[in-house]
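The following exercises are to be worked with the sequence and the coordinates at hand. Each task is followed by a solution in steps.

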Amino acid sequence: MTTDHMNPTRSFQGLILTLHNYWASYGCVVLQPYDMEVGAGTFHPATTLRALGPKPWNAAYVQPSRRPTDGRYGENPNRLQHYYQYQVILKPSPPNLQELYLGSLKAIGLDPMLHDIRFVEDDWESPTLGAWGLGWECWCDGMEVSQFTYFQQVCGIECAPVAGELTYGLERLAMYVQGVDSVYDLNFNGREGDEKVTYGDIFLQAEQEYSRHNFEFANTKMLLKHFEDAEAECQALLQAGAPGDNSNQRLHKCVLPAYDQCIKASHIFNLLDARGVISVTERQSYILRVRNLSKACGEAFLLTDAGGASIAAAA
Amino acid sequence: MPDLLLELRSEEIPARMQRKAAGDLRKLVTDALVDAGLTYEGAQEYWTPRRLTLDIRGLTAKSADLKEERKGPRTDAPEKAIEGFLRGAGLASIDQAKIVSDPKKGEFYVAIIEKPGRAAEAIIADVMPGIIRDFPWPKSMRWGRASAKPGSLRWVRPLQSIVCTFGPETEEPVVVDFEIDGIRAGNVTYGHRFHDPDAITVRRFDDYADKLMKAKVVLDPARRKEIIATDAKNLAFASGLELVEDEALLEEVSGLVEWPVVLMGSFDEAFLSIPPEVIRLTIKANQKCFVLRPQSGEGLANRFILVANIEASDGGKEIIYGNGKVVRARLSDALYFWQSDQGDLPDLDMLTASAEKFGLDLKKPLDQRMAKLDHLGVTFHAKLGTQGERVERIRRLARELAPIVGADPDLADRAAVLAKADLTTDAVGEFPELQGLMGRRYAELQGENPAVAAAIEDHYKPLGPTDTVPRDPVTIAVALADKLDLLVGFWAIDEKPTGSKDPYALRRAALGVIRLVLENGVSTNLMDILGYNSYTMHFFDFLDYIASDRYAEERFNKSNVRGQRSELLLHGELALHGRDPSFDHSASKYEHDRERLTGLDLLSFFHDRLKVYLRDQGARHDLIDAVITPEADDLLAVSQRVQALGQLLETEEGKNLLAGTKRAANILAAEEKKGTVVADAVDPALLRTNEEKQLFNAVIQTESEAGQAIQNEDYSAAMRALAALREPIDSFFEHVLVNDEDASVRANRLALLARIRSATAQVADFSRIVG
């Protein structure tokens, strides 16, 4: 047993570190969060792009995720516009992925002989990423604590081989294992008394401020402009880095920076959506525009080393 | 005889797919075995979330030997033809073929092909990979290392292992050896994921099922359902409660567990202020739990039944605690929706235009929601405008229908205005299946007339052939208006059901109209409502308007108005009210024809549905055909005629009348074909015999009586009038020769026969009646 303040059932950071340890021992690279605003851990290039191409890839990381429309000014104990996902991506999906996942639950203190753990059908789809997969919501005593997905397509491209993706909702999981009813009451650092720092101490003010920003203050004119800029820049970078006719240059040279712009466009779209300035019909077209960017990035990624272009050339 | 055991074990199969998949497996495997020449005594499928199992008993061990003679070319045929024959028949040289001679064709070759029977094992190993590869899952996936290559195995979720054993009861069964994408069939399976995860070696179905049971897997889905239902009822009973049964939920839950353990949780009594339907749906849809009611039967109890998949080491305390926590969170949301739907909306001043248009009272919550529905401009269908516009049309039509169905027009109007208001409530946003019901609840809370509240809930009915048909006149008016608007609308934009495609459930809507009309005895001419009345005129004007640039412009302008977080920010006077006053109402002839043709086409759709409906009620299809004409638009009248005609034809008189009229019609048809002259009208002066005079008088009498009866919608009387023709027709044919030598007498007699035909045709086309 770890020292008490690192206990995943008492400490939010202890929970994260336990998962890090577990997946690191399995052989994952433990990455840090991507340094951009994203709606979910899937947007991290370590998932979106690395899920493509033939190269094996095992990674785990925490990703702060922003869903502007979920802001509740800090008044709802279960809903946040900024929260943490724990993301694991294993490519190709190992045959014992379910057992590995269940092992991780055990590691954070969920004994499957005490808790009712279930895999309930849930097909996953991300229209902006042009991605879909089949899998489950993982239930613990009736509560959804993770998403479990076998990626079939990402960026509109068939995954070959298929990657398995596990996404843990960290706050929800922590609330359950710590037995608290409000996210703001979570013990973050596992200390007690004066030394105790709660989730609310760290994030309540941020939730209030960002809710105001998302729903009231964000400058929509500027955001609309930024969307256009990000879209144009993404396309320009893809163009600039594209392989030429010259056979010396068969790799794409500028995919990751282009993908950053795609992420940016996606987040700006979410903000505009929260501000209520996008109509139903426009909504579809925005989603389509982001999807076109992600598809173009995915296709370009296949022309890079990490995307397996050298393997394909050698074969 | 040997038995076959097959198990396909995979990661969790979605509950809704299990039953069908297991059935498909049985059919595919047994069909393939039979096709290959095997027979079997019985086959039974089983399933759990993690496996599909098939138990085939009494399979033949070997397919029969087959001997086939194949005819070849003549002995003097060219070399090429003979070579082809050898290849096709699988012969090495022509010496292996027989020579047969035929007196006509000469000598030709015949090959005797002998196919020895094959062992069942070989056949099974042969057919299984194809069945697994092409299994008809609604959605399937690839996984793992193999998915790097195209064409890898697809399954609903990763397939983990295959058990396939075969052998007679008296011997040790063998493993049927086949492999698919690296998964090799064997005799090893696994028990419950947590209780007994170790490998289990099995021999045949009986020990397989026993060992699984010991490993805490109840293989038989019916047994799992029984366990859940029984334990749930007992647990409820022990607490003085009663289970609210739910077959669909039971089916789903039994597909989520291998080892069902039924537990009871509770929630705060304060949540019982939420309508029971909302509580039930919240707990069912999100948590897959059952609700309970007090044994007295009123309302719900603050308890729920959950079904776990383990016998927990603490007896289920943690599981109950966790589920209770989630149920409480869900019910808090539901309570919030229920309460906020009864409160004021923000920004009421933005809703005044919509309120005025519909005569809404913005002090009332449901009125506000209707104003919001209109104000938001939520699209009903791109070509049929917004929900607000649709409500406006339904309202107009309901008011028009009210006197026909005996409803108070003002109540019908009010009910139509509020019928869709609940679409913007939070409760319906969360649970779309509660539309109507929530509207009714909120209407009752704000003191609407009970007939209005009932109509809000029931105007969607009947939802199919077995659903109850509303009886209240106000509901009938709104229910008819709702469905007719849907049908007229989709007919106007030419999006009719084709084949199996009926995305807007228009067949159901038409059947709904039919059942509302027939089962409530509503007598009305649909074409008057559909074809030429002010409502449809407005409808076509409206479509033209929607197609116009002006509409697009208004939409655009309005959509740029910044409102609260809304989808389409469109408000104001549109379409029906905002029509251009200079619009030419005389409408061109073309427009008029377009409407009429569309109307007739829709009417024939109604006829098709009516035929199906009447046939299901036991009516003879030939009688329906005899009664329906392309213009028959009083559905009640059609149904009553069919009924009266059926009754007539069951009597001796009716049968003879039918024979007589048929005989008259046949003679007439034969003579008309020959070109014999038929007089335009019967000339009484040319009537020679008493029999023909009597017949003529009877026909005149019948014409007038039947005509009068039909006018009075008394179809039995019309049939009685027809029946009076039987006797004179019979004696006419007995004593009178139609084909008289005198051409003018003959023409006159034929005219008399034609008169019989036209007299009976008022009631039915007797030529279409069989028998």
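**Exercise 1.** Which residue with a positive phi follows α14(B)? Describe also how the buried residues of this helix are packed.

*Solution.* The model is a predicted one. Step one: the residue is Gly447(B), with a phi near 75°. Step two: within α14(B), which spans residues 437–445, the buried positions are Leu437(B), Met438(B), Gly439(B), Tyr442(B) and Ala443(B); buried here means under 20% relative accessible area. Step three: these buried residues pack against α7, α8, α10, α13 and α15 of chain B.

**Exercise 2.** Determine the strand order of the open five-stranded sheet in chain B and identify its edges.

*Solution.* Step one: the order is β2-β3-β1-β7-β8, with antiparallel pairing. Step two: β2(B) and β8(B) each have a single partner strand, so each has one side without a neighbour in the sheet. Step three: at the β8(B) edge, two bridges connect it to β7(B), and Thr165(B) is placed opposite Val175(B). Step four: helix α3(B), residues 120–133, lies across β1, β7 and β8 of chain B, at about 160° to β7(B).

**Exercise 3.** Assess whether chain B is spread out or a compact globule.

*Solution.* Step one: chain B contains 28 helices and 18 strands. Step two: its radius of gyration is 37 Å, whereas the globule rule gives 28 Å for 771 residues; chain B is therefore more spread out than a compact globule. Step three: the C-alpha atoms fill a box of roughly 100 × 100 × 55 Å along the principal axes, and 52% of the residues count as buried.

Terms used. Residues numbered from 1 in each chain as written. Chains lettered and ligands numbered in written order. Predicted model: local features only at pLDDT ≥ 70, side-chain atom pairs only at ≥ 80, totals over all residues. Heavy atoms only, no water. Pairing = 2+ DSSP bridges. Helix = DSSP H or I, 4+ residues; strand = E, 2+ residues; numbered from the N terminus. Contact = heavy atoms within 4.5 Å. Axes fitted to C-alpha atoms, helices over the stretch in contact; angles between N-to-C directions. Buried < 20%, exposed > 50% of the residue type's maximum accessible area, 1.4 Å probe, protein only. Rg over C-alpha atoms; globule rule 2.2 N^0.38 Å.
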